[in-house]
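Let's take a walk through this protein, starting from the outside and working inwards. Keep the structure open and follow along as you read.

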Amino acid sequence: MCFCNGIGDKGFCYNGFCDHDNKSVFVYTDDMSELLAPAGNIEALDAAIGEGADAVYMGLKSFNARLRSSNFAWNQFEAAVESVHRQGKKIYVTVNTVAEESETERLYRFLEYLESVGPDGIIVQDFGVVRMVQEFFPKLKLHASTQMNVASARAVNILGKEGFSRVVLARELSLEEIRAIKAASSCELEVFVHGALCVSESGLCLFSSFLGGKSANRGMCTQACRRLYTADFDGREETGYYFSPYDLQLIDRIPQLMEAGVESFKIEGRMKSAEYVGSVTAAYRYVMDHWQEDKKGAIATGRRILSTDFARTKTRYWFDSDKAENLLDPKQAGGTGIYLGKIEQVKSDGPEVRFARIVGGSYDPDVGDSIRLHRKDDTGRESHKIKQIKTIDGEQWIDIPTGFSRGDPVYLLQTKAMSKRYDRVLPKDLSRYRKQPGGGQVPVMDLSPVPRTGFDYFPDGLYVQVSTLRDLHVIAGGPQVRSILELTKDTARDLLDPAANIPFSRRQMILSLDPYCPQADEPELAETVQRLIEAGYATWIVNNPSHFSMIRGKKTAKGEPAHMIAGPYLYTFNRWAASWLENQDIETFVTPLENSRDNLEETFEPALRRKVMVSLFAYPALFRMRFHMPDSYDFVYFKDKEEMEFKVLSAEQGSYVMPEKPFSVVDARQRLERMGVSHFLLDFSKNRIEKSDYKFILKALNKGEVIPDTSRFNWKDGFYSPEKIERYQKARERAEQTQSNRKNSYGKGRSSKTPRRPSGR
């Protein structure tokens, strides 16, 4: 441990670990990889810069994927940019959520403000943001968020041509895939190296949104994957945290990633404490600076520094293997930290202060320690820094937040001893930092009109999507104008087999590409797509930027051009996103499954709604995983504490969790037709469909009837929005106040028994 107070022989000290005995000093160069740390609040910013981060990333109060973190006020952000730049560091801003059409004016003002302040880059997911930046804010540098689901060189190169300077790669990639992407692309690459993982493939999770409108694509994820579930093992029920992944730790792979040419190493944790940010930043800083002198020793030191990270079990994920056992353990609680025990008793000390006695652990927490409390029914969690400790009858009692009771488990996140004071990055006086988003109005965005003849490849009517050749035969003879088949290795073999019995002509079929396109699969997929286009399959649903160059400009053997329809995972929640896709030669769109009726109307004017296909029925993949489930997961069905049922399926391309209760708005067809919508989708992907079920759904569709025991998803209520809830509450308060005023006015100066007669005629 270090006793030099951060000075040392060569001036290096990493969170208490010195390099005093090293005989040489690593030489810094301009082309070294960047260490990028999270700054979820001012203290974390101080810790990140204090421990040697080259750059920090942060969110403001809107349009970022960690809306539950503290985030920065306008003046704090402006001061941070100036202060960080003064130290020769960089600062990036997360604008990595999708925006609804009603939010585009606020988004425009926000981007206008960011350009005036001058961060070094903005991290984006929404193609609408990309389109606005290209059109109006060219000084802003674009970084593709991991939520954009970029996992291949083709996707990187598409974005590079669109002006992106950096891409944050999807997390579920191997070292070999990252090397291949770097070798075949020119954009800067950013790779997550430490912190919490999503079990779902990046940017493709709908779970939290399906359960209550709190979309991961909107920064509102409730981490439903980390909850306790009850699985059905052939009639025997067992509970477990079946989908709560370990935490990523790539400290010992840093040398290989640097040698591969990765430009930026990203630490996850905008909702973590300053102590966490400081210790993790220090560990990776040390390894990055010293691995060339002594790889083994540098990694050992980095791992010692990380020993204070009391988070979940660590994994190197795809760097080690593609086995789910490398990532999941049903016995691992969804939370983080060292187990301290459970609350045995609770006492109140005044109206707001509560104390608890914790039993079952091996460590007695101290004042200043950070803990995390979990409700035993898994309905909530909260982090808390201990402020008071009492000793009653020889037992230790600690203060806890309200809302927790006997039986709730408690975990240690950080000890007081880990705390370290850092120089403040922001100046004390922020009065001179006064920039805020102004009142600018977003210019009108006109989408391309529908040609008089429409689109030959996109006729009006009903479309039906399935996943297997067997299910194509089930829907044969139905009323659909086109049948859509998911392209998998199995269906590709069927389609290319001259002897296969395909019940539809190639002109009547559309092929749909999977939204996750990793580098390892991309060359084979591109070759398969080319062969199928030449064979006459000319219309494709694309769900990832990598698909564009596989199809754009291609022709069938007969000279017919290939066409692209934007799938639901390209997230056209606003007309600016649709406009960007139009610039990629995509003129027709399947609306996102998370979308609402109101946002659909706002995004596409009546004359443009013939460009749109609306899903009326689907079993949405709530999250997708790039692995087969563990052998021990011998179940299909599981349920949550509300008794809502789900099913998990494993296929050659990965695993999927879907609701047992499908999404359905088949009864809305007639209303949509009156609105000008003329393309409708019944999506049976990933499900085996029976003829009787198909006929039942068609009957409900034709009669405009509600299918019982189905979900409306966000169709009626839209996304959960704190602003929307606040507006609703204020409107209700105004209505109640108005009613109260009327009652008071009604009774003033008169007997309550005598009704007031209307005056005049």
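## Surface and overall size

About 33,300 Å² of this protein is exposed, and carbon and sulfur atoms supply 46% of that area. Keep in mind that you're looking at a predicted model. Of the 761 residues, 57% count as buried.

How big is the whole thing? Its C-alpha atoms fill a box of roughly 90 × 80 × 60 Å, taken along the principal axes. A compact globule with 761 residues would have a radius of gyration near 27 Å, and the protein has 28 Å, so the two agree.

## What it's built from

If you count the regular pieces, you'll get 19 helices and 34 strands. The chain also brings together residues that sit far apart in sequence: take the contacts between residues at least 6 apart, and 70% of them join residues at least 24 apart.

## The nonpolar core

Nonpolar side chains tend to be buried together in soluble globular proteins. Here, the largest nonpolar core has 196 residues, and the ones touching the most other members are Leu45, Phe77, Ile122, Phe243 and Leu682. Helix H9, which covers residues 274–290, gives the most to this core, with 9 residues.

Pick out Ile122 and look around it. Which residues does Ile122 contact, leaving aside its neighbours within four places in sequence? You should find Val93, Val95, Leu111, Leu114, Val129, Val133, Leu140, Lys141, Leu142 and His143.

## An open sheet of six strands

Now find the open sheet made of 6 strands, which run in the order S11-S10-S30-S31-S32-S29 with antiparallel pairing. At the edges are strand S11 (236–240) and strand S29 (623–625), each of which pairs on one side only. From one strand to the next, the twist averages 25°.

Zoom in on S30 (residues 637–639) and S31 (residues 645–651), which pair in the antiparallel sense over 3 bridges. One pair to look for is Tyr637 and its bridge partner in S31, Lys647. The loop between S30 and S31 holds Glu643. Glu643 has a positive phi, near 70°, even though it's a residue other than glycine. Is Glu643 buried or exposed? Its relative accessible area is 53%, which is over the 50% cut-off, so Glu643 counts as exposed.

## The loop before S10

Strand S10 (229–233) belongs to that sheet too. In the loop between helix H7 (207–212) and S10, you'll find Gln223. Gln223 isn't a glycine, yet it has a positive phi of about 55°. With a relative accessible area of 28%, Gln223 is partly exposed.

Cys225 sits in the loop between H7 and S10 as well. With a relative accessible area of 15%, under the 20% cut-off, Cys225 counts as buried. Leaving aside neighbours within four places in sequence, Cys225 is in contact with Val199, Phe207, Phe243 and Ser244. You met Phe243 earlier, among the residues that touch the most other members of the core. What about Cys205? Cys205 and Cys225 are 20 residues apart along the chain, and their C-alpha atoms are separated by 9.8 Å.

## A parallel pair: S23 and S24

For a parallel pairing, go to S23 (residues 482–486) and S24, which pair in that sense over 4 bridges. At one spot, Glu486 stands opposite Ser512 in S24. Which way do the residues of S24 (509–512) point? Met509 and Leu511 point one way, Ile510 and Ser512 point the other, and all are buried.

Over in S23, check out Ser483. At 1% relative accessibility, Ser483 counts as buried. Not counting residues up to four places away in sequence, Ser483 touches Val464, Leu472, Ile475, Phe504, Gln508, Met509 and Ile510. Of these, Met509 and Ile510 are part of S24.

## A buried alanine in H18

Last stop: Ala700, in helix H18 (residues 691–703). Ala700 counts as buried, at 5% relative accessibility. Leaving aside neighbours within four places in sequence, Ala700 is in contact with Val666, Glu705 and Ile707. Val666 and Ala700 are 34 residues apart along the chain, but their C-alpha atoms are separated by just 6.9 Å.

Methods:
Residues numbered from 1 in each chain as written. Heavy atoms only, no water. Core = buried A, V, L, I, M, F, W, Y, C linked by side-chain atoms within 4.5 Å. Buried < 20%, exposed > 50% of the residue type's maximum accessible area, 1.4 Å probe, protein only. Helix = DSSP H or I, 4+ residues; strand = E, 2+ residues; numbered from the N terminus. Contact = heavy atoms within 4.5 Å. Pairing = 2+ DSSP bridges. Axes fitted to C-alpha atoms, helices over the stretch in contact; angles between N-to-C directions. Rg over C-alpha atoms; globule rule 2.2 N^0.38 Å. Areas by Shrake-Rupley, 256 points an atom, 1.4 Å probe, with all protein chains shown as cover.
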